[in-house]
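User: I am new to reading protein models and would like to work through this one step by step. Could we take it as a series of questions, with the reasoning spelled out each time?

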Amino acid sequence: MSYDQPFPHAGVQLNHTAVYASDRYLSAEFIAAILGLKVSAPFGPFLPVDLGNGVTLDYCERRDEPIQSQHYAFLVPDEQFDAVIARLEAVGVTYYADPGHADPGRVNDLFGGRGAYFDDPDGHNMEVMTRPYARP
C-alpha cells in the first residue's frame, strides 16, 4: 500500500478496542452496569462488553504496571441518559459536566444534548452524551 494514494475509508468501522484494567471483571461489570449492558463470556485474555453497534470493549488485565488513563465516549439515547446518571448516583460515583472534572454533580448541554464525565475503577475518563460532537 502506498501512503500517497487515497485510502478507501467508506467501509472502515471500529470493531473492538482493548481497555486495560487492574481487574478486568470489576471494570467490565462496572461499565456494563452503568450503561445498562451485559458482560460477554471471556475470550482469551479479554472480557468483552458489547456496545450494541458491533463494537466491543475488550477488558484485559494489566497488573505489572500502572494503568494509563484513556478517554472513552459513549453516545446514549436521550431517553436513557437519566437512567445512566441515576446508576452513577446509586453506586456513589461522582459525575462532572466537564472532562477536567471541575464541575461535579452537573451535566453539560453541548451541541443541544446532554453529557457527563466520570471515572471508571482504574481512572479511565468515561463520557456519556446524547448528541455527537459537531465536527468542522
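User: In which strand does E127 lie, and is E127 buried or exposed?

Analyst: In this predicted model, E127 is a residue of strand β6. Its relative accessibility is 2%, and the cut-off for a buried residue is under 20%. E127 in β6 therefore counts as buried.

User: Which side chain does the side chain of E127 join in a polar contact?

Analyst: A polar contact requires a pair of N or O atoms within 3.5 Å. The contact made by the side chain of E127 has a length of 3.0 Å, and the partner at its other end is the side chain of H71.

User: Which strand is joined to β6 by bridges, and how many bridges are there?

Analyst: Strand β6 covers residues 125–129 and runs antiparallel to its partner. One of the pairs across the two strands places M126 of β6 opposite F118, and F118 falls within residues 115–119, the range of strand β5. The strand joined to β6 is β5, and the number of bridges is five.

User: Which residue in the turn between β5 and β6 has a positive phi?

Analyst: The two strands form a hairpin, with five residues between them. In that turn, a positive phi of about 90° is found at G123.

User: How many of the residues of β5 are buried?

Analyst: Strand β5 has five residues and is described as mostly covered. For comparison with the whole protein, 35% of its 136 residues count as buried. In β5, the number of buried residues is four.

User: What volume does the largest cavity have, and which residues line it?

Analyst: Empty space is found by rolling a probe the size of a water molecule over the atoms. A search of the whole structure gives one cavity of 30 Å³ or more, and the lining of the largest cavity divides into three nonpolar, four polar and three charged residues. The volume is about 40 Å³, and the lining consists of N108, L110, G113, R114, G115, E127, M129, T130, R131 and Y133.

User: How much space lies in the largest pocket, and which element supplies the largest share of its lining?

Analyst: The largest pocket is lined by 18 residues, with L51, N53, A73, F74 and L75 nearest its centre, and this lining is made up of 14 nonpolar residues, four polar ones and no charged ones. Both β4 (71–75) and α2 (78–90) supply at least two residues of the lining. The space in the pocket is about 420 Å³, and the largest share of its lining, four residues, comes from β4.

User: Why does the distance between the ends of helix α1 agree with what is expected?

Analyst: Helix α1 has 12 residues, 24–35, and at 1.5 Å a residue it should span 16 Å. The expected span counts one less than the number of residues. The two values agree because the end C-alpha atoms of α1 are 17 Å apart.

User: Which residues of α1 are buried?

Analyst: An α-helix has 3.6 residues a turn, so residues three or four places apart point the same way. With that in mind, it is worth reading the numbers of the buried residues in α1, which are R24, S27, A28, F30, I31, A32, I34 and L35.

User: What lies at the start of α1, and what phi does G36 take just after it?

Analyst: At the start of the helix, a side-chain oxygen of D23 comes to within 3.0 Å of the backbone nitrogen of Y25. Just after the helix, G36 takes a positive phi of about 75°.

User: What distance separates the C-alpha atoms of F30 and P121?

Analyst: F30 has its place in helix α1 and is buried, with a relative accessible area of 13%. Along the chain, F30 and P121 are 91 residues apart. The C-alpha atoms of F30 and P121 are separated by 7.7 Å.

User: Is F111 buried or partly exposed?

Analyst: F111 is placed in the loop between α2 and β5, and its phi is near 55°, a positive value in a residue other than glycine. Its relative accessible area is 42%, and a residue between the 20% and 50% cut-offs is called partly exposed. F111 is therefore partly exposed.

Conventions: Residues numbered from 1 in each chain as written. Predicted model: local features only at pLDDT ≥ 70, side-chain atom pairs only at ≥ 80, totals over all residues. Heavy atoms only, no water. 1 Å grid on protein atoms, 1.4 Å probe; cavity = no way out; pocket = protein on both sides within 12 Å on 5 of 7 lines; lining within 4 Å. Points joined across faces, edges and corners; volume = space filled by probe spheres on them. Nonpolar A, V, L, I, M, F, W, Y, C, P; charged D, E, K, R; others polar. Buried < 20%, exposed > 50% of the residue type's maximum accessible area, 1.4 Å probe, protein only. Polar contact = N/O pair within 3.5 Å; in protein donor to acceptor, adjacent residues only side chain to side chain. Pairing = 2+ DSSP bridges.
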